[in-house]
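Let's take a friendly walk through a protein structure together. Have the sequence and the 3D view ready, and look up each residue as it comes along.

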Amino acid sequence: MTYPPGPPHPYGYGYPPPPPPPKPGVIPLAPLRVGDLLGGAFSAYGRYWKPLLGIAAIAYGGAGVLVGGALLVAYGSVVDNLERLDALPDDANPGFADFQALLVAFGSVWLLGMLGMLVATALINAAVPAVIQDAVLGRPARFGTVLRRAWSRLGAVIGSVCLSSLAAALPAFLLVLAFMVTLAQVVVNPDDSGTVSALTVLLSVLLALASFPLALWLWVKFLFAPSAAVIENQGPVESLRRSAHLVRGSWWRIFGCVLLIGLIVSVAGGMIQWFVSILAAIPMTSLVSQAPESPRDLFPTLWGVMLTAGFVQLLVQTLLAPLQPLVTSLLYIDQRIRKENLAPMLAQSAAPAPAGAPDAGAPDA
């Protein structure tokens, strides 16, 4: 018995394999595998290291100069307090008032440093998607162009980062609030302090177990907000909604990819920090063995160790900071390829334009 011929199978048995997807830039314009993501991230880092490291150096260098200047101002404002503490008799115990100015001064430096790191991180999270827009199309990315693009979207990125951080930190805030309420019960009813203390520990453990997965889920859910804010020119709230839409149905895959690159960055940074901590321990051990006569004698060595450790920390942060946003931005492109068929639009944008035709640029939506 013979059967009628079936429909043609252009890529079946005995036929040539399908052509590979176009790859004008650092990734193929098709749904990406884990190897494509990691290879694309490191390839983009190697090709576009000048704008990436340049903006990272400006961001973290500016934050470092800000914190360093604040430290000098803080030290100058409390030097009299240090002299009074040094002049106290050996049998006198300093009170809280003696340390109040120190706590206020260096607490202000810490707060200023946190704000500086927030702006620096947001600037990098705004610059990397701007670079990725050109990297996936194989186009050059000039430092000035990337910096202007990132600076123009800095407000939206800061807003999206703050909103996503608040959403992820909300479970932890509720945990602290519950702990404080339970602790207040101990103060009001000291007779029941033993029972309430046990309940406090139990409640804290249960809330911690419940809040950590929720915070992690929200963090991944809003992971693409900075990329959407830059590439699609979205506002902070719209960026969160856009990220939630793209992550829906792919949470575990996105989490695994981000966790993998996070482990790589953490291991590299941890090894460098471990080496620096060993070097910093040498002068501290020598100083302690000399038994200084007053706490003030500790400050020259402490300042040297702190400045050296801070410089190395900034250097490591500058070198490693672009890696995580690179993977996140490529994951964002990958999700749009999978959900919105972005690949044909990217291939069309990457194709050479006819002579005299204007450059369409990378698609924003």
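Let's begin with cysteine 162, which is partly exposed, since its relative accessibility is 30%. Another cysteine to look up is cysteine 257, which counts as buried at 7% relative accessibility. Keep in mind as you explore that this is a predicted model.

How many disulfides does the count come to? The answer is zero. As background, a disulfide is a covalent bond that joins the sulfur atoms of two cysteines.

**Salt bridges**

Now for the charged side chains. Across the whole structure, a search turns up seven salt bridges. The table shows three of them, with the distance between the closest N and O atoms.

| Residue | Partner | Closest N and O atoms |
|---|---|---|
| Arginine 336 | Glutamate 232 | 3.8 Å |
| Arginine 242 | Glutamate 340 | 2.7 Å |
| Aspartate 334 | Arginine 253 | 2.8 Å |

Take the pair of arginine 336 and glutamate 232, whose closest N and O atoms are 3.8 Å apart. Arginine 336 sits in helix α11 (residues 323–340), while glutamate 232 is in the loop between α7 (225–231) and α8 (236–247), so this salt bridge ties together parts 104 residues apart in sequence. Are these partners buried or exposed? Arginine 336 is buried, with a relative accessible area of 2%, and glutamate 232 is buried too, with 12%.

Next come arginine 242 and glutamate 340, which form a salt bridge with their closest N and O atoms 2.7 Å apart. Because arginine 242 belongs to helix α8 and glutamate 340 to helix α11, the pair ties together parts that are 98 residues apart in sequence. Arginine 242 is buried, with a relative accessible area of 15%, whereas glutamate 340 is partly exposed at 30% relative accessibility.

In the third pair, aspartate 334 forms a salt bridge with arginine 253. Aspartate 334 lies in helix α11 and arginine 253 in helix α9 (residues 251–289), so parts 81 residues apart in sequence are tied together here. Aspartate 334 is buried, its relative accessible area being 0%, but arginine 253 is partly exposed, with 27%.

Which residues are linked in a network of salt bridges? They are Glu232, Arg242, Arg336 and Glu340.

**The largest pocket**

Let's turn to open space. The volume of the largest pocket is about 770 Å³. It is lined by 27 residues, and the ones closest to its centre are Thr121, Asn125, Trp219, Gln324 and Pro325. Two or more lining residues come from each of α3 (96–135), α5 (154–188), α7, α9, α10 (299–320) and α11. Which element gives the largest share of the lining? That is α9, with five residues. By type, the lining has 15 nonpolar residues, 12 polar ones and no charged ones.

**A look at alanine 44**

Our last stop is alanine 44, found in helix α1 (residues 34–47). This alanine is buried, with a relative accessible area of 0%. Leaving aside residues up to four places away in sequence, alanine 44 touches Val26, Trp49, Leu52, Ile132, Ala135 and Leu326. Try finding valine 26 in your view: alanine 44 and valine 26 are 18 residues apart in sequence, and their C-alpha atoms are 6.2 Å apart in space.

Note on methods:
Residues numbered from 1 in each chain as written. Predicted model: local features only at pLDDT ≥ 70, side-chain atom pairs only at ≥ 80, totals over all residues. Heavy atoms only, no water. Salt bridge = Lys/Arg side-chain N within 4 Å of Asp/Glu carboxyl O. Helix = DSSP H or I, 4+ residues; strand = E, 2+ residues; numbered from the N terminus. Buried < 20%, exposed > 50% of the residue type's maximum accessible area, 1.4 Å probe, protein only. Disulfide = S-S within 2.5 Å. 1 Å grid on protein atoms, 1.4 Å probe; cavity = no way out; pocket = protein on both sides within 12 Å on 5 of 7 lines; lining within 4 Å. Points joined across faces, edges and corners; volume = space filled by probe spheres on them. Nonpolar A, V, L, I, M, F, W, Y, C, P; charged D, E, K, R; others polar. Contact = heavy atoms within 4.5 Å.
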